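Open the model in your viewer and get ready to make selections. This tour goes from pocket to pocket.

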Amino acid sequence: MKKTIFSSITVCAMALFACQSPSSNKTINNDSVGSINQAPDKTATDRNKTTEESRAAQSTVDDKTHNFIDEAAMGGMMEVELGKLAQEKAMSQRVKNFGEMMVRDHSAVNDDLKAICRQKNVTPPADMGKHKDHYDDLSKKNGAEFDKAYIKMMVDDHQDDIKAFEKVAENGTDPDVKTFASQKLPTLRRHLDSAKAINKSLK
């Protein structure tokens, strides 16, 4: 009788241990995995934050200069793309030739601006931004209608560009950007004179 009771107790104890052990191990394993999963997330966040702070610290231009660079870059890309469009859609040979000049001259200006961006650790815009609407509008026109709309836009756009470049050339805070603006003014003025002459001939 005692032997039977002892055997029963032993069997129960073994069964109880068997039931509890996996649960206990599972809890330990889950906690370990949870700790491992959480650590990389925090490290990645800290690393990204450090990278952003480092980039901000490396930039050597103020906000006004950065805004000028952005505007000049987007405007320059627009001039190139519209120049290509003019060569394709314009009816007047003078307008086609003007478009060719825009592609050639503003591609060179854009390259010089990109070089300054690399030097100053500034990331230029990837596309023409707000000027995309102008491109889309002109792309719907053809022939004489395109010629008038394109050249009028070139007159207005270069007048605005000259004012912005003159302002930086005179009062810019970054010497390299200031020199860039000053050096490009003669090109912009030549473009404006040409656009005005063509615009008068189209009326």
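Before colouring by class, fix the terms: Ala, Val, Leu, Ile, Met, Phe, Trp, Tyr, Cys and Pro count as nonpolar, Asp, Glu, Lys and Arg as charged, and the others, Gly among them, as polar. Keep in mind that this is a predicted model.

**Stop 1: the largest pocket**

Select Phe-68, Glu-71, Ala-164, Phe-165 and Val-168. Of the 30 residues lining the largest pocket, these are the closest to its centre. The pocket has a volume of about 610 Å³.

Next, show the helices around the largest pocket. Select α2 (63-89), α3 (93-120), α5 (143-171) and α6 (175-202); each supplies at least two residues of the lining. Which helix gives the most to this lining? It is α2, with nine residues.

Now colour the lining of the largest pocket by class. Expect 11 nonpolar, 10 polar and nine charged residues.

**Stop 2: the second largest pocket**

Move to Ala-73, Met-77, Asn-110, Asp-111 and Lys-114. They lie nearest the centre of the second largest pocket, which is lined by 13 residues. About 210 Å³ of space lies here.

Keep α2 and α3 on display, since each supplies at least two residues of the lining of the second largest pocket. Which helix has the largest share of this lining? Here it is α3, with six residues.

Finish by colouring the lining of the second largest pocket by class. It has eight nonpolar, two polar and three charged residues.

Definitions and conventions: Residues are numbered from 1 along each chain as its sequence is written. This is a predicted model: local features need pLDDT of at least 70, side-chain atom pairs count only at pLDDT 80 or more; totals for chains, interfaces and linings use all residues. Side-chain values use heavy atoms; hydrogens and water are left out. On a 1 Å grid over the protein atoms alone, a cavity is a set of points where a 1.4 Å probe fits but cannot get out, and a pocket is an open set with protein on both sides within 12 Å along at least five of seven lines; lining residues have an atom within 4 Å of a point. Grid points are joined across faces, edges and corners, and a volume is the space filled by probe spheres set on the points. Helices (H or I, at least four residues) and strands (E, at least two) are DSSP runs, numbered from the N terminus.
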